[in-house]
Amino acid sequence: MQESFVRMYQYRLPFLQGELAHLPKPLTLADLMPLDHYHYCGTAAIDYAIARLGLSQQSHVLDIGSGVGGTARYLAWKLGCAVTGLELQSQLCQMAVELTERTGLSKQVKFIQGDILQGLPRQFDAWLSLLVFLHIPDRQTLFSQCAAVLKPAGNFYIEDYVQIQPLTSEEIQTLEQVVACPGLPTITTYQQHLEQAGFGQITCENVTPLWRDWVQQRLIQFQRKQDYYRQKHGDELVQSYLDFYQAVADLFTGGNVGGVRIWGRLLP
Ligand SMILES: C[S@@+](CC[C@H](N)C(=O)[O-])C[C@H]1O[C@@H](n2cnc3c(N)ncnc32)[C@H](O)[C@@H]1O
């Protein structure tokens, strides 16, 4: 694993564990939000994905890069469907399993520790992936494996970073070193990569202004609570969050980095 990738995630579990220490053993989803969502716009983003994926109670959904499982649990809770989360990092995956047990959703929600680049059997009606693919530069392998997990005409939904205008060398460095993102496609290139892997009926929605405001608000809210957090979690951990949230807010404010929502289906 890349050094920047390890660094980006290493303070998240201690923070979550510190917050969990004050919560009851059986948990509701409301107790966990927004602690277990590492994407933008919380459950509103998942509701948006649900509407585009055409899911039902009978669907089996794959959440690619499931983190600590917030998206997977919300999908199962909202729709009553089966969800499998695939997560690269074993500690995050273990935490996802633990939180799912504590919310009573283990029958519906399973987690697999693994790498999407290694593939999974073809068994899913749909997949979604929120803020994951920015970490994966090998788009050819990525999207061919994403195609290979879907049943015929299966649907997909992505939220990801894109390049809106050419990046400065400082932005390239921040993306690499702070966000563990080794390169960014434009929306057009993104769509071409998906089409090359056999996906079609693709819609791309530029959500840059929405995300720019959201990451700015996230920074401001964390700054407001920083004294409370410092007492609870210590200076180093809080500083890691502040630095990360500031770097991301700066990237979006710069106007060259943006966000996209993409959905479509596997063509026959
Ligand atoms: C920003 S987090 C988003 C987590 C989750 N989608 C959410 O919205 O809460 C990105 C996650 O993708 C995972 N990830 C990165 N590369 C992966 C890969 N090749 N296969 C599976 N998961 C991966 C990371 O370990 C991390 O947990």
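Both R261 and E159 are buried in this predicted model, each falling under the 20% relative accessible area that sets the limit for burial. The two residues form a salt bridge in which the closest N and O atoms are 2.8 Å apart. R261 belongs to strand 7 (residues 257-266) and E159 to strand 5 (residues 150-163), so the salt bridge ties together parts that are 102 residues apart in sequence.

Side chains of opposite charge can pair when their charged atoms come close. The count of salt bridges in the model comes to nine. Another of these joins D47 and K78, with 3.0 Å between the closest N and O atoms. Because D47 lies in helix 4 (residues 42-53) and K78 in helix 5 (residues 70-79), this pair ties together parts that are 31 residues apart in sequence. D47 has a relative accessible area of 28% and is therefore partly exposed. K78, with a relative accessible area of 43%, is likewise assigned to the partly exposed class. A further salt bridge links D235 to R230, and here the closest N and O atoms are 3.4 Å apart. R230 counts as partly exposed because its relative accessibility is 22%, the buried class being reserved for values under 20%.

The ligand is surrounded by 21 residues, and the closest are Y38, H39, G65, E87 and D115. By residue class, this shell divides into ten nonpolar, nine polar and two charged residues. Several pairs of atoms link the ligand to the protein. On the side-chain side, a polar atom of H39 lies 2.7 Å from an oxygen atom of the ligand. Backbone atoms also take part: a polar backbone atom of G65 is 2.8 Å from a nitrogen atom of the ligand, and a backbone N or O atom of L130 lies 3.0 Å from a ligand nitrogen. Taken on its own, the ligand has 600 Å² of accessible area, of which the protein covers 98%.

At the surface, M1, V6 and L88 form a nonpolar patch, and the accessible area of these residues together is about 270 Å². L88 is located in the loop between strand 2 (82-87) and helix 6 (90-102). With a relative accessibility of 32%, L88 counts as partly exposed; this value also meets the requirement of over 30% for inclusion in a patch.

S4 is found in helix 1, which covers residues 3-10. The relative accessibility of S4 is 7%, so this residue counts as buried. Its side chain makes a polar contact with the side chain of Q2, at a distance of 3.3 Å.

P209 is placed in helix 10 (residues 208-224). Its relative accessibility of 42% puts P209 in the partly exposed class. P209 and F143 are 66 residues apart along the chain, and their C-alpha atoms are separated by 27 Å.

Note on methods. Residues numbered from 1 in each chain as written. Predicted model: local features only at pLDDT ≥ 70, side-chain atom pairs only at ≥ 80, totals over all residues. Heavy atoms only, no water. Near = heavy atom within 4 Å. Polar contact = N/O pair within 3.5 Å; in protein donor to acceptor, adjacent residues only side chain to side chain. Areas by Shrake-Rupley, 256 points an atom, 1.4 Å probe, with all protein chains shown as cover. Nonpolar A, V, L, I, M, F, W, Y, C, P; charged D, E, K, R; others polar. Patch = residues over 30% accessible without salt bridge, like charges linked within 9 Å, V, L, I, M, F, W, Y side chains within 5 Å. Salt bridge = Lys/Arg side-chain N within 4 Å of Asp/Glu carboxyl O. Helix = DSSP H or I, 4+ residues; strand = E, 2+ residues; numbered from the N terminus. Buried < 20%, exposed > 50% of the residue type's maximum accessible area, 1.4 Å probe, protein only.
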